[in-house]
Amino acid sequence: MIAHPSFAVIGHPNEGKSSVVATLVENDRIRISPTPGETVESTSYPVILDGETVISFVDTPGFQNPLQTLGWMRKYQGPSRDMLAAFLREFGDDPGMTHECELLRPVAAGSGVIYVVDASRPLRRVDRAEMEILRLTGRPRMAIINCKTGEEGFLEEWKEEFRKHFNMVRTFNAVRATFAERMRLLESLRSIDQDWEQALTRVQEAFVRDWDRRLRDCAALACRFLSEVLAMSETTSLSEGIDRNAVEQRLTMRLEARIRKAESELHRAVRAHFRHNVFQADLPEQSVLRQDLFSRATWRVLGLTRTQLAFTAAAAGGAAGAMVDMATAGHSLGLFAVLGGAVGGLAALVKGEDLVNERLLGQRLGSQGLQVGPVKTVQWVYVLLDRFLLYFWHAINWAHARPADHVVQDPEKGGKLGLTSAWSREARKLCADFYTARTEGREEKSAELEVRLEQFLDEELHRLSSS
Ligand SMILES: Nc1nc2c(ncn2[C@@H]2O[C@H](COP(=O)(O)OP(=O)(O)OP(=O)(O)O)[C@@H](O)[C@H]2O)c(=O)[nH]1
Ligand SMILES: [Mg+2]
């Protein structure tokens with residue numbers, strides 16, 4: 001007797017069974033291969049949520065000998081509930097039937113059946129035999145149409161056959177299935193057998209709770225990251241005769257390296273939340289995430305338009321005026337405030353509206369100190385957020401069953417890529433206020449705004465993952 005619902009994923013060799021299991025249990029270590037016969041043993045993969053196994057899916061080898069198996073089953077005379085046990089006894093040592101024994105063993109032990117078919121090819125006699133075998137097991141069963149190519153010419157023929165043998169049929173793309181699609185599949189499983197309905201309702205609820213927790217964690221991680229990075233700076237003391245430009249450059253490089261590191265740690269944490277172990281960041285060739293955080297390309301593509309920025313700056317109480325065009329701001333992007341010392345002209349590499357109060361920040365430095373950072377434009381917060389949102393979007397859309405050549409494209413095409421550019425003015429003002437409070441070191445105000453920002457981000461992550 002199995003304590004939780006279990007489903008054996010069964011089918012012809014190479015139809016995508018292991019891919020379906022990998023996606024459903026979010027396990028990118030399951031072996032998937034273009035060569036038929038990759039899976040030779042049945043392996044049960046549990047879904048563990050809150051420390052408890054709520055459901056498991058069994059990956060099985062493909063049918064090897066369906067015609068002979070069906071022939072035996074048709075001749076079988078004993079009680080039908082003993083049929084599978086009798087089959088395993090009879091063929092347990094038969095080398096020609098090892099796959100059939102492997103794939104029927106979990107079914108004999110009480111698993112339901114998910115039959116996977118690549119319906120982009122015509123139906124054959126062996127397919128009918130496989131479906132009939134599964135019908136004769138008498139277990140709750142569902143068919144999944146996993147169309148590996150876009151070909152749908154044979155779909156109707158398949159569906160007609162499915163109706164005779166299964167309680168439920170669903171289309172499911174193992175490579176592109178989102179969380180919402182996985183939930184729809186669970187919903188369908190719920191209705192194939194009354195005895196499992198309650199247990200599967202609890203499974204569904206556990207999946208949703210777990211997903212909510214992941215998004216809440218990611219929103220919190222992003223806020224911690226922003227909070228840390230917005231306030232980051234590098235400080236040193238200047239001694240007599242030192243080349244101030246060289247010192248400034250060194251501090252800038254050090255600061256950039258720290259920020260890059262913080263961002264890659266954020267990405268790693270996001271990736272881990274969605275259980276991507278084997279596949280590292282497979283980002284599309286042209287993704288802006290492949291560009292360095294401080295490159296011009298990044299700043300050109302992400303963030304807000306000038307008009308949006310001007311509104312935001314005004315709303316957040318910054319001096320009104322044209323936003324600096326980061327792409328033309330000199331040899332470096334000139335993003336960082338340079339404070340303290342007898343800095344003179346260095347203090348304002350970037351002219352225009354700055355939301356950072358340099359006098360306030362520079363106060364503590366005295367004439368011998370030099371500080372680089374924080375970043376002096378509010379655009380920074382949108383660039384950081386947009387990169388986080390893009391990374392999150394990829395992490396939730398990378399299937400755990402990706403063929404090697406599968407790449408998910410960035411969500412938006414053309415124009416401004418940043419998702420924040422579509423945010424409401426209130427949301428952008430919240431970001432700008434947070435930026436100002438944080439860079440000016442106003443702890444209490446920052447903490448209050450961070451709570452609101454985290455809540456807003458949580459809603460935004462739900463919106464991004466709901467389709
Ligand atoms: N394009 C595309 N390829 C898929 C899809 N599903 C599976 N594949 C590919 O089909 C091949 C077989 O996938 P597997 O998941 O290993 O198939 P299987 O049924 O477990 O195969 P065996 O274990 O050999 O019986 C792999 O190259 C997969 O990448 C899909 O939905 N779309
Ligand atoms: Mg397999």
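# Helix crossings and sheets

Author: The crossing of α2 and α5 is left-handed; the term means that the near helix is turned anticlockwise from the far one by less than a right angle, and a clockwise turn is called right-handed. This is a predicted model, in which local features need pLDDT of at least 70 and side-chain atom pairs count only at pLDDT 80 or more, while totals for chains, interfaces and linings use all residues. Residues are numbered from 1 along each chain as its sequence is written, and chains are lettered from A and ligands numbered from 1 in the order in which they are written. The axes of helix α2 (residues 66-75) and helix α5 (residues 125-137) cross at roughly 40° and come within 9 Å.

Reader: Why is α2 called oblique to α5?

Author: Angles under 35 degrees count as roughly parallel, over 145 as roughly antiparallel, 65 to 115 as roughly perpendicular and the rest as oblique. The value of roughly 40° falls in the last class, and therefore α2 is oblique to α5. The angle is taken, from 0 to 180 degrees, between N-to-C directions of lines fitted to C-alpha atoms, for helices over the stretch in contact.

Reader: Which residues make the contact of α2 and α5?

Author: On the side of α2 they are P66, L67, T69, L70 and M73, and on the side of α5 they are V126, A129, E130, E132, I133 and L136. Contact means C-beta atoms, placed from the backbone, within 7 Å. By class there are 8 nonpolar, 1 polar and 2 charged residues. Here Ala, Val, Leu, Ile, Met, Phe, Trp, Tyr, Cys and Pro are nonpolar, Asp, Glu, Lys and Arg charged, and the others, Gly among them, polar. T69 is accordingly polar, and E130 and E132 are charged.

Reader: How are the residues of the contact of α13 with α14 divided by class?

Author: Helix α13 (residues 379-397) and helix α14 (residues 425-439) pack at about 115°, with axes 9 Å apart. Their crossing is right-handed. V381, Y382 and L385 of α13 meet C431, F434 and Y435 of α14. This contact has 6 nonpolar residues, with no polar and no charged ones.

Reader: In what order do the 6 strands of the open sheet stand?

Author: The order is β2-β3-β1-β4-β5-β6, with mixed pairing. Strands pair if DSSP finds at least two bridges between them. β2 (43-49) and β6 (168-171) are the edge strands, since each pairs on one side only. From one strand to the next the twist averages 25°. Within the sheet, β1 (residues 6-11) and β4 (residues 112-117) meet that definition with 5 bridges, in the parallel sense; V9 stands opposite I114 in β4. Helix α5 packs on this sheet and touches β1, β4 and β5 (141-145), and its direction makes about 170° with that of β4. As 170° is over 145, α5 and β4 count as roughly antiparallel.

Reader: What makes β7 and β8 edge strands?

Author: The open sheet of 3 strands has the order β7-β9-β8 and antiparallel pairing, and β7 and β8 each pair on one side only. Neighbouring strands here are turned by 15° against each other on average, direction ignored. Helix α9 (residues 244-273) packs on the sheet, touching β7, β8 and β9, at about 40° to the direction of β9. Strand β7 (residues 234-237) joins β9 over 4 bridges, and E234 has V372 as its partner in β9. Strand β8 (residues 336-339) joins β9 over 3 bridges, with F336 partnered by V375.

Reader: Why is R216 called partly exposed?

Author: A residue is buried if 20 or more other C-beta atoms, placed from the backbone, lie within 10 Å of its own, exposed if 12 or fewer, and partly exposed in between. R216 has 16 such neighbours, and so R216 is partly exposed. The residue is found in helix α8 (residues 194-230). R216 and L461 are 245 residues apart in sequence, and 8.5 Å apart in space, C-alpha to C-alpha.

Reader: How do you know that β9 is mostly covered?

Author: Of the 7 residues of β9 (residues 369-375), 6 are buried. For the protein, 39% of the 467 residues count as buried.

Reader: How many helices and strands does the protein have?

Author: There are 15 helices and 9 strands. Helices (H or I, at least four residues) and strands (E, at least two) are DSSP runs, numbered from the N terminus. Among contacts between residues at least 6 apart in sequence, 75% join residues at least 24 apart.

Terms used
Two residues are in contact if their C-beta atoms, placed from the backbone, lie within 7 Å.
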